[in-house]
Amino acid sequence: MDPAALYQIFGASFSSDANVRMQAELELHKLEENDGFVSSLLQIIGTPASEQAVRQAAAIFFKNRIQKGWEPARDKAIGEADRAIVRQSIVEALLISPETIRKQLIASISIILNSDYPDKWPGFLQSLHSMLQSNDSTHVYGGLLLLRELVKVFHLKKLEKRTPLNEIIQLVFPTIQAIANGVLESETIEAAEILKLVLKIYHTSIQYELSAIQQESSWIVPWGSIFIKIVEKPPPACSLEGSDEDREAHVWWKTKKWAYHCLLKLFSRYGTNLKDPKYGAFAATFLNHFAPNILQTFLAQIHQHVAGQWLSSRVKQQLATFIADCVKHKNTWALIKPHLEMLIQNFIFPALCFSEQDQSVWEENPVEFINKKVDPIESFYSLSAAAEVLLIGIVRDRFSQTFIPVVTLINNILTQYNSTPEGQRNPRRKDGALNMMGVLAFDVLKKQSSIKDQMDQFLITHVFPEFDSPHAFLRLRACDLIHRYIDVDFANPEHKIFSFQKVLNAMQDPELPVRITAALALGPFREYAEIHAAMIPHAPEIMQAFLNLTNEIDMDTLSDVMEDFVADYAEQLTPFAIQLTTQMTATFMRILGEVNFDSDDLENLDEDADKILAASGVLKTLCTLVVAVDASPDILRQLEVLVAPIIIYVLEKNVMDLYEDTFELLDSCTYCLKAISPVMWTVFDYVYRAFKADAVDYIQNMLPSLDNFISFGKEVFVQNKAYQHIIYDIIESVFVSAQAGETDRIYACQLIESLLLNLRGQVDQYIPQFLDLAFRYLKDDTQAIRSHPFRIHCLEVVINCIFYNPTATLALLEQAGLTTTFFTLWFKHLEDFTRVHDKKLCISAICAIMDLPVESLPASVQSGYAQIVAVMVSIFDSLPAALEERQKVIDDSNADWEEDEDDDEGDEDLDEINDDDEAGGDVANISEEEYLEFLSKEQGKISAGDDDEDDFDDWFVEDIMEEDPFHTTPLDDVDAYIRFQETLNSIASRPAAFTLLKQVVNAEQQAKLDNIIVTANDNRVKQAEAAAKKQQQQQA
């Protein structure tokens, strides 16, 4: 391909003429699959004389083509000749490219390395090493960029697949260590950029594993020295210019952050991991010899900061996190104790005060302020969150030594605040003190706390006045404190009601963050009887306030509070259900209307995710509201009309993130009304379209509503053969789909059962297909089926067919030569039919067989009649226990939830575990490292091509065989004893059948049959009595 011609086409893609641009873009997409296209692109990119805009466009196109076509197995893969040229030339192109183009090339190299290194690009490491050893700074910097991408290829791999990374570390890391040492004394921006890259490379290499060589003292000492020197290095003057925001973004502060980050990772992940055989020896050395020196360096940095030295917020966050880990260990805690007052008063306390930055964000974007406070990702990088963790660690892990001093400090700040003339008070200091008390709520309220009984007075004195503060952030803090200390027992119960009233009033505050905090604080008040009663008159206005808030902020936490509120105040909200639903559906459509479903713009990804979560919360609240008004059919019908458009919208737009909640809402509507309205039949069509488009993976979520359509809309199904075919098509699609697993196919089996039990005599044409689907897996009992629940459900497909039409089903089995196979499998796995439903189905199917004339039965069934009778007796033997178990499950599900009276004792046990400081010992270290290790292992499996999804499927599918008290079928109304008695009566009137039965029944079985008849007679009497009682109640 001619690079010059390609260059001209790219040039035309910038034309001011839209037609010329469109033609150029079409031509590029037509050429991109041609041999030579990618290598020609690289030639354009690597020519400095080319126009910058053309090089940039070519680089983006190049990266996208690499991304789509580098893997040989992909459709439209890049040819091997092009691939070889790219591997040969891309590094040189990188070295002569500006930053904007370099980013595209680095992304491309990352893709190539993931696919080709080391097997198809064996010379890459040596070339990279040569670049790092060059005297040319451009080559050195380029080599560092490449090294980071190479290390990233392996840092998530399992230990046994990290051999190439270990080789890289051994060969190249001494070189980059020397590079770092060579620029440590420099204060230039270029030196900071190089150091930052070296640190990021090192950190990536140890993120999830610390190689054996990196654990050696000969390695850890020089690397640790580099980190410490960067930490101690006075910040260059250029890094202290401008605003705080300018300083935070400066490369030198980013470099310092990475030095702290490396030391923190070494300590928290490996340096305290004494029990891990891989790291135990390293941890012992690190904890005793390295950690104390690092801690002293960090404490010195904090002292300098307290004296006036500026530190970036991320550096302070890393300092707080490191010290929090040090609190747990005896030797490092001993070093912290002399500095404790300074740490709390001058480091933690200022970090927990309402700041200028907080004020700025509040004023410019109150929604962002709220999101920053509740977003767990934000909290992970937040200085205030790290300060909270440090404060909690100090108090909780060293309770007996620190609790009283910390609380005294807080009290002193508040006392000083109150004694200061009103015009001279600093409200931010009070906010910090109250924030600290909020952070420590768990510790303040536990049994061991000496101030637990004083907290009512604390709240009255220091918190209640701030509900009327002129400072919005203090009004917010008052709501937050009442929320955290909701369990405080006031000596005067009126104070509890007063606090509730103040929080309720705060929901009308002019400031959004205050209203949101008040709304979240309001929820727990419902648990108190006196407050619950006080809320009743206000339920509609509270709900309206909630709805108003959902139109101001998309927040799933708020939706959770709304959902609970609707469930608790269903009776009070029922008269307003239509109005509430109208507002919630409008809110839902407004939220989703702001989501760009067609965009691939990653910048909007987080914002869109927040909106999806908020929309999910609205759906959950609507679902709760529908269930709450299930006793009012007229209202339910109106609600269906209101929610149908949003269900259709989700299905039409294929918003798969909302499918689970949408199908739950559809299930609630159709189940509560116990009928299918015309508007819901319209929805049914959209459900099918969504399934055909991409929803085969959501059959689990779809099943309840599909079952409702069949159960409560059977008259329509009888008349509408097209609807029958829709259900069959869904069933067949799940059975044959490569995407579906055994769990999905179980749900398809349950759909078959729903059709056969509800549409008796109306779906005979599908019996052969149902049998074919089941026997796709039943023919090979040892391999085709992996889980016994799926086997049982496949068997139940056949059993349901027998129950539905025994004559046709037995004939089809006989024609296919599968009669003996089926009965052998059924009886072999009889013990796996554990639920009452399974046993009733088996009894009903056997009764259906025994109801047939003996001479019409296949010979194999006639010859096995004795075994059939024995199986029937066996099922009845186990039925009472199954009935008892089901009743127990029902009773448990209906039982009121009771709080565990031993909760406080459990807290006490926790205190005993954690409060080991009196003995001078270490505190149990339960950190996020175990979780990160799990993520690492899981990512390693993905990288290695391992997939434990099947194992998860096995685990999950077992739950399907448990009794479900909420699942209903027509068999629920069948009394198995009476049903079998009817069959025995029928047999008694048929000589051939009666003679055969007498021949195969032994004395023990006869006695059991007699008992079954006795039970049947008893059940008939009970049924008659219940019917008479019901009739009397209706007449009364």
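In this predicted model, Lys 68 and Glu 32 form a salt bridge in which the closest N and O atoms are 3.7 Å apart. Lys 68 belongs to helix H4 (residues 52-69), whereas Glu 32 sits in the loop between helix H2 (18-31) and helix H3 (37-45), so the contact ties together parts that lie 36 residues apart in sequence. A search of the whole structure finds 36 salt bridges.

Glu 32 also appears in the lining of the largest cavity, alongside residues including Glu 33, Asn 34, Asp 35, Phe 37 and Val 38, as well as Arg 65, Ala 77, Ile 78, Gly 79 and Asp 82. The volume of this largest cavity is about 60 Å³, and a search of the whole structure returns three cavities of 30 Å³ or more.

Turning from cavities to pockets, the second largest pocket has a volume of about 1,400 Å³, and 44 residues line it, of which Pro 704, Asp 964, Phe 966, His 967 and Thr 968 lie nearest its centre. The elements that each give two or more residues to this lining are helix H36 (659-673), helix H38 (699-712), helix H41 (742-758), helix H43 (788-804) and helix H46 (836-850). Of the lining of the second largest pocket, H38 supplies the largest share, with eight residues.

On the surface, finally, a patch of negative charge is formed where Asp 453, Asp 487, Asp 489 and Glu 527 gather. One of these residues, Asp 487, is found in the loop that runs between helix H26 (472-484) and helix H27 (493-506).

Conventions:
Residues numbered from 1 in each chain as written. Predicted model: local features only at pLDDT ≥ 70, side-chain atom pairs only at ≥ 80, totals over all residues. Heavy atoms only, no water. Patch = residues over 30% accessible without salt bridge, like charges linked within 9 Å, V, L, I, M, F, W, Y side chains within 5 Å. Areas by Shrake-Rupley, 256 points an atom, 1.4 Å probe, with all protein chains shown as cover. Salt bridge = Lys/Arg side-chain N within 4 Å of Asp/Glu carboxyl O. Lys, Arg positive; Asp, Glu negative; His and termini not counted. Charge placed at Lys NZ, Arg CZ, Asp CG, Glu CD. Helix = DSSP H or I, 4+ residues; strand = E, 2+ residues; numbered from the N terminus. 1 Å grid on protein atoms, 1.4 Å probe; cavity = no way out; pocket = protein on both sides within 12 Å on 5 of 7 lines; lining within 4 Å. Points joined across faces, edges and corners; volume = space filled by probe spheres on them.
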